[in-house]
Amino acid sequence: MIFYTTISLAQEVVVSGKVTDNGQPLPGVNVLVKGTAKGTVTDFDGNFSINVLKEDVLVFNYIGYVPQEHAVGTTTNFDISLKEDLELLDEVVVVGYGTQKKKEVTGAVNNVGSEALEKMPTPDLGTALQGQVAGVNVQASSGAPGASANIQIRGVGSITGSTEPLYVVDGIPYQSNPNIAPSQIKSVDILKDGASAAIYGVRASNGVILITTKTGDPGKVRVDFTAWGGVQNITSGTPLMDTHQQFYYDQLRADATGIPSSVLSENPRALENNSDFIGAIQNDNAAIQNYELNVASGKGDLQINANVNYFNQEGIIINSGYDRLATRLTGSMNKNKFKMFASVGFQNENTNSEPWAIYERAITQRPWSTPLEELPTNGDIVQIPDQNEITYSYLSGIMSNTDETNTKRFNIALSASYEILKGLTYQVRAGSNFLNSTRDRFQPKYTIIDAGGNYVPAASRPQARSNEDYTWNERYTLENILTYNKSFGKHNLNFTGTYSLEQYTNRTTGLLMAFAENGNNDIRVPGAAVSISNPVGQIQETALVGMMGRLQYSYDSKYLLSVSLRRDGTSQFRTDNRFDVFPGVSLGWNVDQEDFWNVDFISGLKLRASYAELGNNRVGSNPYIASPVIEQGVNYLYGYNQELTPGLAQRRFANPNISWETAIAQNIGIDVTMWNDRVQFTADVYRNQKQNMILGQQLPLSAGANVTRENNEVEIYRTFTLNAGDMTNTGLELALNYKNQTEYGLNYNIGLTFTKNVNEVTNLNGVQRGYAGGRPSLTMGSMDYTTFMAVGHEAASFFLVQTDGIIRTDEELKEYQETINPTARLGDVRYVDQDGDGEITDNDRVYAGSGMPDFESGIIASLGYKGFDFFIQGYYSHGAKIYNGSRLFAYAQSRHTDLVGMWSPQNPTSDIPLVTYSQSENVRSQSDLWLEDGTYFRIRTITLGYDLSRVIGQETGISKARVYVSAVNPFTFTKYRGYDPEVGGENLAMRGVDRGNYPVSRQFLIGAQISF
């Protein structure tokens, strides 16, 4: 109720009043002059006072209540009664093939809006989601520019296949991560439980991420420009010996082996150098920048949005970097019963990758060697003054290597719908995605001469070489959707029927070229090559047809039911296995809607339960070997002159009975809102059973599938693919959010997430432990595997030989020589013989943990006060193990600073083993010496901003002029001694295996946001 008091008006007047809720005062209510940043807040008694003009409009806004607007006019005293915002639960979320009110959602669905994404200064959607959604695990696969994070929803989805979720952009499914700029995204809806994802059938067992791009705003034109930039640095690393420490270690090794050091004879100037080869390959203070322009407009029935984003990031390792130009245009029209939507996007990406294994090559160099920048150079001729030309050229020879990839993405989504009858709507949806990629790896001609000017062929590359790889991907989607909505009495019914067709084509071609010895490194076109190897490539074509029906029912908004049934068929399998049915059902109960509910402070209470069956048909390129394949690469001698001739043959066994992987997903959840929506709490308990997973069974040599290079080809050509593996993921997800504002005008929001997922392999077709992987080095091929698939443990768990200190005394040495290793010596590692057979073998490996955390948690807090805003995000990962391969490699190459204090007769109590050469038993990767605790807490983002529009004034036409400073990854608290504890790995077997991975950088940024 509003009471009016008429006064004579001047240029500016003072108005006051009181804001209440059912007679109770509301402190901290925002009272703003509409269209400006001018305002005040109510005090503890709900009172306020503000200077305004008679033309102004006051906006009263308070969390959990419906905003109100009141024109000032001649009123000087306002008595405002705010009403609770009961429509907050009517918020609409995308659930696939349609939308649904939040209070009627029966599955585990999370929504992340554009405001939350834009607070993270990152070009990658996965990184922006880290820690924000319970049950969604995000780990950096690499810190390299342009690298996408690994996203896993509710644990590992497959052993040999893809573990990433299905991405759907504006209703169109993608083959993999679409790499869309976060600035172009309006909202992200994540379907976590099986019943929600089951509508996508054969591709949904890893969860579904639905991306909705930005659209225009009705009735106005809005222009937003954002720019931010800064510098990046590496914060840690592998400690290496300097020259004096290296000389001391070299003497210790000479004493232990009886072989005198030859350093000074090879390099008389050794003591004059103290080279930092790790520093030489790093790019300190690497630049990073981002620019975004978004224009949104709407008039009448038409809305348009245009977005342009440019991102550029220099790598913190030399010869690496990434830039992306992304454009997107969306338009929508709503004319009576007819609706239409279109979205067109184009991206051009350039990725420069650092030379292969450059980090390990840098570790290998000795600090007494001549610095890279001091090498005498004449064109492509390099003189190495030290007598270690071959080892030196391992690094110097790759410094000028380039690895450049250009990727162009074009995608279009169209949809049109018409309401045939009241409640009955037909929609047609079409889309296509195109990806063209060119990768050029060039190794220039490189000539090495020694100190005497003599040519060193073993260290040189007499011919430049180039690898060119081309990829073309095309994906077409056509969907017909029929929906029917009907309400009668307290009953609400929605039916959705879908018939979809999809076709995907992948084509690859590769060339290997060598150029003339007298050629020019700047000329690298195929026409200049003196030899070109047989081109390699393939064409993979698949098609999918899907039929889906879904019924959603609610009674009086209390009792909720959703039932879906999808039938999918794919060309990847033989005729008998092409089709399968995937059902899903979920139930919900809004307890707070019951008449007996009288708990005032709980404004919403919903119980949920679901069950579904899903599939996974994304297991790599041509994985299912359902039909015999004729392949090239089997060359043979032919004719009188015995010429080497290309040959074709069937090299792999086919399994016509192969089919897709399946999953059974169960979920129980609860949603609670309290104190007028200030507190929101969600909890889910789930169990996902993965069945019929794709495994490779090794065949004996007698099968005849092995070819000339047995060790290199055994995994590919002596493998029989079959459905045989089972695995479970059981977990708990908690999410808590609290938002409020004080009587002093401070708005704040705090969010917490907690996720615990227990992964267990339950069947490997009779194999208890196998499928080894996780070698912790790129260049040392002799290193042992570290991860295995084993029944009763997490996928890709560490199985390592336990150690029991080192041998320090003659008594210990004698016992170890007599029981295990007769050639052992003082200072050696003491390995534990688990099976008691008197030798250390693979049978002595024991479970040692995995790269998956026991649990993880995210925390987000934001504050706003009189134009100032503060945001902080933290992420905690507990219990994961990390295999420190870079530390092991530095030991094996006799470079780690620990070796200064290794065991010696003069240091008999040391815990550091004696290391004398790279093949020593003391530096075996089978050992648990290199396994470390990967628990860490990281401050992901800290941002402080201020909106200058409060002081600029309305006459400029600027509605927002925010400037801010941000720090990304400024602090990481961990016991891990490697570069970074966030080791997502390039695949499941490498999860938690750090082999000198490209480190995640720390960034300091400054930015601005302007809106007109």
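**Figure 1. A nonpolar patch sits on the surface of this predicted model.** Its members are Y484, F495, L551, V563, V585, L587 and Y611, and together they offer about 530 Å² of accessible area. Accessible areas here follow the Shrake-Rupley method with a 1.4 Å probe, and for residues only the protein chains shown count as cover. To join a patch, a residue needs over 30% relative accessible area and no salt bridge (a side-chain nitrogen of Lys or Arg within 4 Å of a carboxyl oxygen of Asp or Glu); nonpolar side chains (Val, Leu, Ile, Met, Phe, Trp, Tyr) are joined within 5 Å, like charges within 9 Å.

Residues are numbered from 1 along each chain as its sequence is written. Local features need pLDDT of at least 70, side-chain atom pairs count only at pLDDT 80 or more, totals for chains, interfaces and linings use all residues, and side-chain values use heavy atoms, with hydrogens and water left out.

**Figure 2. Here's F495, a residue of strand 29 (residues 491-515).** F495 is partly exposed, with a relative accessible area of 38%; buried means under 20%, exposed over 50%, and partly exposed in between (1.4 Å probe, protein chains only). Strands (E, at least two residues) and helices (H or I, at least four) are DSSP runs, numbered from the N terminus.

**Figure 3. Helix 11 (residues 885-892) is largely enclosed by the rest of the structure.** Eight of its eight residues are buried, among them R887, F889 and Y891. They pack against helix 7 (358-364) and strands 51 (881-884), 52 (931-933) and 55 (993-994), with contact meaning heavy atoms within 4.5 Å. Just past helix 11, S894 takes a positive phi of about 60 degrees.
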